[in-house]
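Got your viewer open? Let's take a walk through this one, one selection at a time.

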Amino acid sequence: MPDSQRIIEIEVLRYNPESDKEPHLEVYKVPFSDDMSVLQGAQYIKDHFDGSLTFRWSCRMAICGSCGMMINGIPKLSCETFLRDYFPNRIRIEAMANFPIEKDLVVDLSGFIEKLESIQPYIIPREPRSLDQGEYIQSPEQFNAYIQFTSCINCTLCYAACPQFGLNPDFIGPAAIALLHRYNMDSRDGAAAERMELVAAEEGVFNCSAVGYCSEVCPKHVDPANAVNINKTNAAKDYFLRFLSPKGGSK
Amino acid sequence: MSKRRPYVRSMDGWWKKNPFYVEYMIHESTALFVAAYAFTLLVGLVRLGQGEVAWNGWLEAMKSPLSLICHVVFLLAIMYHTYTWFKIMPITLPPIIVGGKKVGPEVITGSGLLAAVVASVFMLGLVWRIAQ
């Protein structure tokens with residue numbers, strides 16, 4: 001369809017650790033159709049202009065969480081952001097903010113992965129349970145207490161949105177705390193006291209100054225800001241209540 | 001040997017890079033106006049304790065054009081602070097369940113703003129009666 005062959009300018013933040021001192025912008029003129037996502041724009045550049053352009057992607061349907069980038073300065077999944085919405089203006093894509101750039105649009109997520117491990121993102125049962133005791137029973141209310149926080153796809157857009165994480169990369173950050181909260185709120189789990197050590201730690205929830213942008217950019221409506229702020233209250237309660245009944249993380 | 005050389009971008013001027021952050025800085029800085037107004041009232045209290053002459057001097061100072069302009073600025077800043085305070089309130093609260101359903105963010109923000117308006121009108125009425 002020749003009439004649909006509009007051309008959009010895509011400005012890409014390029015960085016090659018082997019040859020560049022610092023990142024620089026390069027502009028590509030990309031023909032696009034109405035159904036093309038920003039991710040497909042990047043793929044077009046890789047296929048037709050520069051095969052060395054590096055970026056992560058997998059599912060193309062906003063569930064794998066791989067293709068996050070800054071699109072005109074806003075953290076977004078590039079697979080669910082469409083070129084047509086920016087045309088005829090130029091569109092700028094950059095690696096997710098607040099993370100070190102590994103190459104082009106790929107960032108170093110190892111810090112995030114470590115944080116994810118540190119919060120023990122799995123059910124730690126309240127007491128040992130044998131198979132013949134049968135399955136866990138959970139009421140809809142108990143289920144509702146945590147279900148929202150299970151929707152996280154680890155895309156880390158919330159980290160790219162969080163200036164406090166940018167200023168202090170040790171901050172455990174929105175997604176990891178949302179997941180921590182998810183397990184704490186699960187009626188089958190009994191490790192909230194263990195996790196409290198991290199919640200109340202130097203790198204814990206009190207790094208958050210309630211900017212709230214993490215929840216704004218979350219593509220899955222997890223509301224990580226809510227998880228972080230609820231845990232500020234929990235940490236404060238834990239701190240003061242230990243004088244009444246010493247137990248758990250604040251012993 | 002590893003060719004890795006991860007590049008860390010500077011955070012200088014981070015709050016200017018996104019309108020969301022600019023608004024955040026504005027609403028956070030309006031807290032300074034809340035403090036300034038509280039300080040103004042505190043000075044009044046101290047002057048009251050120093051006797052009638054001091055107190056009347058403070059009252060006179062409050063009537064000066066500069067003071068009136070400052071109070072209008074305080075009022076506007078504090079109103080904006082109040083608005084944004086309740087706007088972010090939903091993210092700071094645990095879920096509130098009423099009749100088996102989670103109360104929506106707009107209800108929490110709306111209730112907070114309503115409480116602020118009711119409290120302000122009550123205070124205004126009270127002070128008005130005292131001043132009669």
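**Stop one: the two halves of chain A**

Start by selecting domain 1 and domain 2 of chain A, whose C-alpha centres lie 32 Å apart. Bear in mind as you go that this is a predicted model. To colour the two, use 2-107 for domain 1 and 110-250 for domain 2, as the domain assignment of chain A has them.

Now look at where they meet: 15 residues of domain 1 of chain A are in contact with 13 residues of domain 2 of chain A. On the domain 1 side, pick out β3 (68-71) and β4 (74-77) of chain A, each of which supplies at least two of the residues touching domain 2. β4(A) gives the most to that side, with four residues. Colour the domain 1 side by class and you get ten nonpolar, three polar and two charged residues.

**Stop two: a helix in chain A**

Next, select 224-241 of chain A, which is helix α9. The helix has 18 residues and reaches 25 Å from its first C-alpha to its last, close to the 26 Å expected at 1.5 Å a residue.

Which residues of α9(A) are buried? Show side chains for A:Pro224, A:Ala225, A:Asn226, A:Ala227, A:Val228, A:Asn229, A:Ile230 and A:Asn231, then add A:Ala235 and A:Asp238. What covers these buried residues includes, from chain A, α4 (157-161), α6 (174-184), α7 (192-199) and α8 (213-217). Turn on the other chain too, as α4 (89-92) of chain B is also part of the cover.

**Stop three: chain B by itself**

Hide chain A for a moment. Chain B has five helices and two strands, and from the N terminus on its elements run α-α-α-α-β-β-α. The radius of gyration of chain B is 22 Å, well over the 14 Å that the globule rule gives for 132 residues, so chain B is more spread out than a compact globule. Rotate the C-alpha trace of chain B and you'll see a span of about 80 × 50 × 25 Å along its principal axes. Buried residues make up 4% of the 132 residues in chain B.

**Stop four: where the chains meet**

Bring chain A back. How many residues of chain B are in contact with chain A? There are 18, and they contact 24 residues of chain A. Select α1 (19-49) and α4 of chain B, the elements that give two or more residues to the side of chain B that touches chain A. The largest share, three residues, comes from α1(B). By class, this side of chain B divides into twelve nonpolar, two polar and four charged residues.

Conventions: Residues are numbered from 1 along each chain as its sequence is written. Chains are lettered from A and ligands numbered from 1 in the order in which they are written. This is a predicted model: local features need pLDDT of at least 70, side-chain atom pairs count only at pLDDT 80 or more; totals for chains, interfaces and linings use all residues. Domain bounds come from an automatic or database domain assignment. Two residues are in contact if their C-beta atoms, placed from the backbone, lie within 7 Å. Ala, Val, Leu, Ile, Met, Phe, Trp, Tyr, Cys and Pro count as nonpolar, Asp, Glu, Lys and Arg as charged, and the others, Gly among them, as polar. The expected span of a helix is 1.5 Å times one less than its number of residues. A residue is buried if 20 or more other C-beta atoms lie within 10 Å of its own, exposed if 12 or fewer, and partly exposed in between; C-beta atoms are placed from the backbone. The radius of gyration is taken over C-alpha atoms; the globule rule is 2.2 Å times the number of residues to the power 0.38.
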